[in-house]
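Q: I would like to learn how to read helices, salt bridges and surface patches in a model. Please take the features one at a time.

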Amino acid sequence: MLATNGPRLWDSLMAMAEIGATANGGSSRLALTEADAAGRALFAQWAEAAGLAVHHDAVGNQFARRAGAEAVPPVVLGSHLDTQPRGGRFDGVLGVLAALEAVRTLNEHDITTRAPLEIANWTNEEGARFTPAMLGSSAFTGAMPLAEALARADAEGVTLGDSLATVGAAGDTPLARDFDAFFEIHIEQGPVLEANGVEIGVVTGGQAIRWLDVRVTGRAGHAGTTPMPARRDALFAAAELAQTIERRVAETDGLLATVGECHVEHGSRNTIAADLRFTLDLRHPDDAVVDAAIDDLRARFAAVAERRGVDCAVEPHWRSPALPFDETCVGHVREAARALDCRWQDMISGAGHDAFHLARHCPTAMIFIPCAGGLSHHEAESIEAEHARIGADVLVNAALARAGRA
């Protein structure tokens with residue numbers, strides 16, 4: 001079994017973390033900003049030094065290719081380099097740089113693979129600047145038309161297409177080209193592996209995700225002259241809707257709900273809120289359970305709205321179905337973990353990843369390593385260097401099993 005160079009991987013992670021470093025030890029590299037462009041450039045420099053050919057497609061997905069002995073579709077490894085506005089140093093980044101470490105290890109052992117290997121850095125995985133999340137892999141696989149992806153705009157109205165031109169990240173590598181397989185290593189972003197004392201999560205699939213946009217419309221009024229019974233307060237109605245969500249989720253094991261954004265339109269300190277919007281994120285391993293919860297919540301929201309004299313509209317924003325990963329690729333991960341004598345367990349991914357889109361395009365598997373306290377999307381996100389090394393060891397051996405020796 002191959003062993004990667006743990007200190008070299010850690011040094012790469014720390015060097016990338018210096019780009020967009022935040023005051024509290026995190027990283028800020030929103031997709032296609034100057035910081036993201038600098039991170040892409042550093043990765044390209046490292047990849048070219050390892051003998052890889054770097055190229056891009058029309059949505060800015062960045063690829064670094066290592067030739068194989070045969071002209072067959074590549075085995076692709078990777079994740080993303082973009083972060084949340086105040087994100088951590090490892091979310092996504094580990095997947096790209098562990099893939100680079102896997103290639104460096106193959107180079108040092110003078111191993112030529114039968115199939116080519118490629119490292120992928122997917123554009124705008126986080127969805128922090130452009131929505132939805134996983135936009136680059138979505139456009140690559142055809143889940144989102146290219147024109148729609150390029151037209152997506154950030155909060156300042158700058159489109160993804162314009163941003164690609166600004167940082168020079170667009171290329172002509174074909175979208176939806178054939179991949180033999182895709183492997184992604186990632187921090188767990190949850191507490192399970194750490195709590196269980198397990199080093200490797202063998203991810204068997206991902207849970208269903210639904211993003212909804214909720215708009216509550218009431219009536220504006222003066223804060224000092226409008227009696228409480230006469231009010232149609234959108235904010236107080238939304239507060240009850242949030243409680244309704246919490247109660248409904250508690251009725252179903254494994255169902256998760258998050259209200260991550262809430263905005264009062266034209267808000268003023270002494271004016272009753274009349275127009276409010278909030279986001280709702282629902283997740284469960286079973287699509288039918290999530291869809292049933294949405295139908296139920298629509299009915300409960302309507303009852304709250306009628307009683308409070310407001311209107312409530314619920315619109316779908318994004319849908320990611322639950323899906324199993326390829327059993328053969330998952331088996332390669334399991335066998336690598338066994339052969340390396342790792343402590344490992346099967347698990348379902350609670351977060352969305354580019355691997356979800358790729359799983360509908362080619363055989364796919366994921367590897368998780370623990371993160372401290374399950375904390376992610378936070379500047380204090382942290383992992384153990386040894387866990388990163390073990391994860392990279394599993395990755396390189398699983399990838400080699402799939403790609404084959406020449």
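The turns below go through these features in order.

A: This is a predicted model, where local features need pLDDT of at least 70, side-chain atom pairs count only at pLDDT 80 or more, and totals for chains, interfaces and linings use all residues. Residues are numbered from 1 along each chain as its sequence is written, and side-chain values use heavy atoms, with hydrogens and water left out.

Q: How many residues does helix 8 have, and what span is expected?

A: Helices (H or I, at least four residues) and strands (E, at least two) are DSSP runs, numbered from the N terminus. The expected span of a helix is 1.5 Å times one less than its number of residues. Helix 8 has 17 residues and reaches 24 Å from its first C-alpha to its last, close to the expected 24 Å.

Q: Which residues of helix 8 are buried, and what do they pack against?

A: An α-helix has 3.6 residues a turn, so residues three or four places apart point the same way. Buried means under 20% relative accessible area, exposed over 50%, and partly exposed in between (1.4 Å probe, protein chains only). In helix 8 the buried residues include Ala234, Ala237, Ala238, Leu241 and Ile245. The buried residues of this helix pack against elements including strand 7 (208-217), strand 10 (275-284) and helix 9 (287-308), where contact means heavy atoms within 4.5 Å.

Q: Where does Phe236 of helix 8 stand, and which patch holds it?

A: Phe236 counts as partly exposed because its relative accessibility is 42%. Together with Met228, Leu235 and Val264, Phe236 forms a nonpolar surface patch of about 350 Å² accessible area. Patches are made of residues with over 30% relative accessible area and no salt bridge, like charges being joined within 9 Å and nonpolar side chains (Val, Leu, Ile, Met, Phe, Trp, Tyr) within 5 Å. Accessible areas come from the Shrake-Rupley method with a 1.4 Å probe; for residues, only the protein chains shown count as cover.

Q: How many salt bridges does the structure hold, and which residue pairs with Glu240?

A: A salt bridge is a side-chain nitrogen of Lys or Arg within 4 Å of a carboxyl oxygen of Asp or Glu. The structure holds 26. Glu240 pairs with Arg308, with the closest N and O atoms 2.6 Å apart. Arg308 lies in helix 9 and Glu240 in helix 8, so the pair ties together parts 68 residues apart in sequence. Glu240 is buried, at 13% relative accessible area, whereas Arg308 is partly exposed at 31%.
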